[in-house]
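Got a model open and wondering what to look at? Here are some questions to work through with the structure on screen.

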Amino acid sequence: MLTPCDNRVSIWSAGDLGNAGLNGEYHGEPHLLCDIQHNGDVMDMQFLDQERLVVASSTGTVTIFRHHQNNQTLSANHRWEKAHYHVDQDTSCGGAACTGVVCNNPEIVTVGEDGRINLFRADQRDAVRTIDNADSSTLHAVTFLRTTEILTVNSIGQLKIWDLRQQRNEPSQIFSLAGDRVPLHCVDRHPNQQHIVATGGQDGMLSIWDIRQGTMPVSLLNAHEAEMWEVHFHPSDPDHLFTCSEDGSLWHWDTSTNVSEKPSFLHQGGRSTAYLSHSTINQSVVSAWLSNDPTKDRMEITNLIPNQTLSVNSLDVLGPCLVYGTDAEAIYVNRQLFA
Amino acid sequence: YIQTLRKLFNESHGIFMGLQRSEEELAGKSRKAHLVQVSKNYRSVIRACMEDMHEAAGKFDPALQGQYSTQVSILSAMELIWNLCEILFVEAATAGPLLLRLLDWVRLHVCDVDSMVREVLSSESPSKHKLFWNVIGNTQTLTELELKWQHWHEECQRYLQDGTFASSPHMESICKILLGDEDAILEKKELMTTWYHFLVTRLLYSHPTVKPVELRFYAQSSMDLFLGGESSPEPLDMILMAAFEFEIHQVIKECSIVLSNWWFVAHLTDLLDHCKLLQSHNLYFGSNMREFLLLEYASGLFSHHSLWQLGVDYFDHCPEYGRVYLELHIERIPLSTEQKALKVLRICEQRQMQEQVRSICKIMAMKALRNNRLGSALSWSIRAKDAAFATLISDRFLKDYCERGCFSDLDLIDNLGPSMLLSDRLTFLGKYREFHRLYGEKRFSEAARLLLTLMTAHIAPCSFWMTLLTDALPLLEQKEVIFSAEQTYELMRCLEDLTSPNPGSAPFQDDDVETTKVEMLRLALARNLARVIVKEGTVEGS
C-alpha cells in the first residue's frame, strides 16, 4: 500500500524583483532554495515571523519549521502532534485533519475537522487553550478579527466570532447564510475596516458580511462554479479582493472607483472580464464593499487564468505580487499585478 | 525518480487537454502547424524532464545514480523516437526539407558528431559548400535542386577521376565521401555511432532529395551495412526502422512492448490520431487503439494518491469506455481528508454520477457519525440530499436528548434553516428544539400550540409521543390555564391512542414508571379540562 510519504514543504525564490523586462511577465523562473519532508498533506500554512513557518497537516499535527537563511535549509523547530484528533474507539490513529492555521506572533490558532480550536504560543510546549467540540461540524478556516478575537467558518454555513479572553467555550456571535446552509471554506477580514468580512462557500459564492449588524450577509456574489478555496483582501489595497476555486479560476474583484482610468484591461488578450452591477441590500456604509451607491456601483471582475484546467487551491497577494498554486502541481508567480 | 516524472505527467496533461480543446478550431495548413507545435511541446517537456533528472542524479548516492541514468536514457530514446515520428508523420516532411529535418534530428541526438571531419570538409572548397547549403534551404523546385546537385556531384567525380587529389589519400577519401561512396563512408564507421547516423550521412552525399517513400530502402540497407552481421538490431533500432517504413501501428506496438509505462504510446497515439493517421484500423477487441492506450495510461494514474486527478480528464476524452472506467476507479480513491472527498464529489457531480455522489457522501457521513461529529454528518447528508441519513442523525440527537435531558450541539439544531425540510425527523428535531426555546422564553401558549401540532400533524414519531406528553405536564400544571378545551381533548385523545393496545401503533411499555406517568397525565389533563371548562364557560366567546 502506498502511503503518501513524498509531500514536502519547500521554500522558493521568486527571482529578482528588479529585473522586469519589456513585456514584464516574469524574469527568471522561481527556483527551489530548500525543502523538507512533511508527514501528511499540507492543509494550510502561514509565516509566524521572518524565519518561522507554521504548517497544518492532514494528520492533525501542527509543525513550526525554521528557515535557516545562511545555509538555506529547513528544519522542524517544534511540533504539536495530535493537535487535532477524533475520539474513536475503533481505529488506532484517530487523527483529524488540521484545516486552518493563523498566526499573530507569538500566538498561533488552529482549527480542524474535529471541530476543535487550539491556541498555541510559539515558545510553549503545550497548548495555551483548547476548545473541544467548539463546533459540531468541521471548521474549515480561521482568521484574526482583533488581537483577542477570531473568526471561524464551518461546514454548515456558519461564521462565528470567538472571544479568546473569555473562558466560556461558546462563540460570542453566530452568523449564518440566509438560505441553504452551504458550507463555508474560507474567510478573510478587511485589513482596515474590521467590521467587513468576506467568506467563500462550497457553491462558489462570495459573501460579504458586516459583523456590526445583523446575522446574515450584506451581499452575496455569484462567482465560481465550484468550491471557493481561498479569499484574500489585498493587504495594502483593500479595494481589491482575490478568490480562487476548484473550478480552476482565480478572480480579481476590483471595487476601486476610478475604473474608467484603467482602459488597459480591455486590450489584454486571454482575459475574460465582466462588469457586475453591485445591486445589493440594505446599508449605506462608506466602504465600496458594502455600498449600494449607484455612482460607485460598478465592480470589475477579472479571471486571471486564461487556460484553466485543474483546481487553484491556494493564493496569496502582497504588493504587486500574486502567487497561486494548482492541482497540476504548478506554482505561478505574477509580479505585475496592477500593470 | 517518480518525483521528476510527475512533472512530465502534469505538463503533458496540460498539452493533452489543450490539444483536445483546439480540435474544432483550425483546418488545413494552420492545423498542421498547430499539431507540429503540440508535438514540439511534448518533446520539450521530455527534454526538461531529462535535464531535471540529470541534475537530480548528481545529488544522490551512487546506488541510485544507476537508476537515474537508466531513466535518462529511456527518456532520451523516447525523445529520439518522438522526434522522428514528428518529422515523418506529423509534419510529413516532403523531399527536400526531409533531409534537413533528418540532419537536425541526427545532430540533436548523436553526441559524437564528427566535428573534426566536418571541419576538414568545410575548409575544402568552401564556396561550393556554401552554395550547396543555400540551395537546399531555398524554395526552389525539386527538379532545379536535383539538377544543381547533379552538376556539383559530377564535378566532384571529375576531380576524383582526374587524380587531382592523388597526392593526398586523406583528400581522396574525403572526395569519395562527398560522392557518397558507401565504402569510404563506412571506413569512418567509428566516428558515426549509429546506423541512422550512417543513413543520413549517406543520403546527404548521395541522395539529398530523397523522397519519404524511398526512405525504407535506404534505411534497411544502411542498417545491414552498418551492423554488418556483427551485431543484431536492438529494440530501439526496430522501432526506428518501423518508422522509416511508415508502419505507424508497428511503431506503436513495438514501443508498447519495450517501454515500461504507457505514457509515451498514449500521448503519441493521441497526437497521431489527431493527424488523422489512425482512422483506418479497427482493433479486434472493440475500441480503437487510441482509446485503449489512453485508458491504460489513465488507469495507471489512479493508483497514485494525487495524480488520479489527471486521470479523470483522460477518461473524459475516451468516448466509449471512459465513463465506465471513471465510475469504477473513482470509488476506490482513499478519502483521507474532507477536502479530498470534496474534490472527488465535485468531479462526480459535474459528470452526473449520482450513485457515486450518494455513496461517497454516505461513507463520509458514517465516518463523521462514528467520530461523533453530528454537524459534519448532517452536512454530508445535505450534500447528497440523503433524507434517510438525515433521519438517522436526528434520531441520534433525540436519543442523546432522552438520555441526558438536554440537547448537544445547539449551534447546529438552532440554525438548521431550510435544510430542516430534508427529512421529517429533522423537521421534528428543529421544531422540538423550538418548543423548548419558546418554553424557555415563557411564551407558553405558543409553545403549547407547537407541541400539539407536533403530535396531531404527525411530525413527531410515535416513539416520542410519551416524551412530548410528559413535556406537556409543566404546561398543564401552570397557574394560568394554557391549553384550551379543544386542545385538552386532543391531548387526551393522543394519550388514549398511545396507551390503548392498537395494532399498528407503537408498542406501549407496560411497566411501573410508565403507568405512573400515564396516571399523572390523566390526572393533569382532567384537572386542566375542569379549569378550562369553567374558564370558557364564564367568559363570553372562547
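Q: Where is B:Q352, the residue with a positive phi?
A: Keep in mind that this is a predicted model. B:Q352 has a phi of about 50 degrees, even though this residue is no glycine. Most residues other than glycine have a negative phi, so a positive one is worth a look. To find B:Q352, go to chain B and look in the loop between α18 and α19.

Q: Which peptide bond is cis, and what is its omega?
A: Most peptide bonds are trans. For the cis one here, go to the loop of chain A between β7 (98-104) and β8 (107-112), where A:P106 sits. The cis bond joins A:N105 and A:P106, with omega at about 5 degrees.

Q: How much area do chain A and chain B bury between them?
A: Start with the contacts: 47 residues of chain A touch 36 residues of chain B. On the chain A side, A:S136, A:R181 and A:E329 lose the most area, together 18% of what that side buries. Carbon and sulfur atoms carry 42% of the area buried between the two chains, and the total is about 3300 Å².

Q: Which residue of chain A meets B:R346 in a salt bridge?
A: Salt bridges between chain A and chain B come to five. For the one at B:R346, the N to O distance is 2.9 Å. That falls within the 4 Å cut-off for a salt bridge. The partner side chain belongs to A:E227.

Q: Which helix gives the most residues to the lining of the second largest pocket?
A: This pocket holds about 540 Å³ of space. Its lining has 25 residues, and the closest to the centre are A:Q202, B:I382, B:R383, B:A384 and B:K385. In chain B, α18 (338-350), α19 (354-370) and α20 (374-384) each supply at least two lining residues. The top contributor, with six residues, is α20(B).

Q: How many charged residues are in the lining of the second largest pocket?
A: Sort the lining by class and you get nine nonpolar and seven polar residues. Among the residues closest to the centre are B:R383 and B:K385, and Lys and Arg count as charged. The charged tally for the whole lining is nine.

Q: What share of residues 177-219 of chain A is strand?
A: UniProt, in an unreviewed entry, places "repeat: WD" at 177-219 and also at 221-263 of chain A. Over 177-219, the end C-alpha atoms are 10 Å apart. Helix accounts for 0% of this stretch, and strand for 42%.

Notes:
Residues are numbered from 1 along each chain as its sequence is written. Chains are lettered from A and ligands numbered from 1 in the order in which they are written. This is a predicted model: local features need pLDDT of at least 70, side-chain atom pairs count only at pLDDT 80 or more; totals for chains, interfaces and linings use all residues. Side-chain values use heavy atoms; hydrogens and water are left out. On a 1 Å grid over the protein atoms alone, a cavity is a set of points where a 1.4 Å probe fits but cannot get out, and a pocket is an open set with protein on both sides within 12 Å along at least five of seven lines; lining residues have an atom within 4 Å of a point. Grid points are joined across faces, edges and corners, and a volume is the space filled by probe spheres set on the points. Helices (H or I, at least four residues) and strands (E, at least two) are DSSP runs, numbered from the N terminus. UniProt positions are given in the numbering used here, feature names are shortened, and annotations may be inferred rather than shown by experiment. Contact means heavy atoms within 4.5 Å. Buried area is the accessible area (1.4 Å probe) that two parts lose on being put together, summed over both.
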